[in-house]
Amino acid sequence: MHSRCAGAVRRWHGGLRRARCGEETRPPQPLGEGWAAASSPALWRRLRAGGASVVPGFLSEEEEALLARELEPQLRRRRYQDEHWDGAIHKYRETEKSHWSKESHEILQRVRDMAFPPGVPQLTQVHVLDLDKAGYIKPHIDSVKFCGCTIAGLSLLSSSVMRLAGEHNPQDWLNLLLERRSLYILRGPARYEFTHEILKDEESFFDGRKIHRERRISVICRNLPVSCDSS
C-alpha cells in the first residue's frame, strides 16, 4: 500500500548535489540546540520561527521497542522496493496503519498533542516508512493536494540526517540530526519552500561527524490539507 501523502511528490531536485559541493568551501554553522546546522544563522532563525524542530529522546527505549514490535509483522509481509514510483524513495517498504494498541495510541497522541494545534483535522492513517540500511530519500516537496502544512515523525532503530534545501536556492540549507527515538516536526515554510531528504549512509554527516545509518523506521503523522499558518 502506498501512502498518497508520501507518494504524491510535487517535485524533487537531482541538482542538489551542487549545493553539497559548495558546502565544502563554507562549513556548517553549528547551532545551540545540537541537532541543527545551517548555511547561515539567518536561515536557521527563519526556519525555526517557521516551524522546523527536533525533540531528542521523545521516546524511551521501551516505547521504541513497543512500536517496532507492533509494526514488524505488518512490515515483514512486504518486500523492500528498489525505487518508489515517483523516484523519491529507494530501498524501502511502507504501509499505513490506523489501528494501534492502547499503549502505542497513547504515544501517537503525545506526538499529535505536541505537533498540531487543537482542532486541526488530522489524517487518521499513520504513514510508516521502513528504510533499509542502503535506503535513502531524495530531495522532494510533498504535494499540497494530499498533505497538510505539518508533518511529525518518530525515528526508530537508527539515527539519520535530514537535509532541507531552498527550492529556488539550494545554497540555503539546514541539516537536522534525527537521533534514534527523536521526534521531528516540520511545518509552514520548512514544508513547502524547502525540499527535504534523508541522506544515504555514505553521505550521512552532521557538523563534520559521521552519523552511521542502519535500518530506520519512521512513524509519521500529518494533518489534512487545510489552510493554516506557521503558528
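# Exercises on helix packing and salt bridges

Lys133 is partly exposed, at 36% relative accessible area (partly exposed lies between buried, under 20%, and exposed, over 50%, with a 1.4 Å probe and protein chains only). The model is predicted: local features need pLDDT of at least 70, side-chain atom pairs count only at pLDDT 80 or more, and totals for chains, interfaces and linings use all residues. Residues are numbered from 1 along each chain as its sequence is written, and side-chain values use heavy atoms, leaving out hydrogens and water.

**Exercise 1.** Find the salt-bridge partner of Lys133 and place both residues.

*Solution.* Start with the rule: a side-chain nitrogen of Lys or Arg lies within 4 Å of a carboxyl oxygen of Asp or Glu. Asp201 fits, with its closest N and O atoms 3.7 Å from Lys133. Next, place the pair. Lys133 sits in strand E7 (residues 126–142), and Asp201 in the loop between strand E12 (194–198) and strand E13 (205–206), so the bridge ties together parts 68 residues apart in sequence. Helices (H or I, at least four residues) and strands (E, at least two) are DSSP runs, numbered from the N terminus. Last, check burial. Asp201 is buried, at 18% relative accessibility.

**Exercise 2.** Describe how helix H4 meets helix H5.

*Solution.* Take the axes first. H4 (residues 61–76) and H5 (residues 102–115) have axes that come within 10 Å and cross at roughly 115°. The axes are lines fitted to C-alpha atoms over the stretch in contact, and angles run from 0 to 180 degrees between N-to-C directions. Now list the residues. Glu63, Leu66, Leu67 and Glu70 of H4 touch Glu103, Ser104, Ile107 and Arg110 of H5, where contact means heavy atoms within 4.5 Å. Then look for a bridge. Arg110 and Glu63 form a salt bridge at 2.7 Å, N to O. These two are 47 residues apart, one in each helix. Arg110 is partly exposed, with a relative accessible area of 32%.

**Exercise 3.** Explain how far apart Lys102 and Glu106 lie along helix H5.

*Solution.* Count along the chain. The two are four residues apart in H5, which means about one helical turn. Their side chains meet in a salt bridge of 2.6 Å, N to O. Compare accessibility. Lys102 is exposed at 59%, while Glu106 is partly exposed at 41%.

**Exercise 4.** Name the residues of a salt-bridge network, and give the salt-bridge count.

*Solution.* The network links Glu72, Arg93, Asp130 and Arg215. The count is 15 salt bridges.
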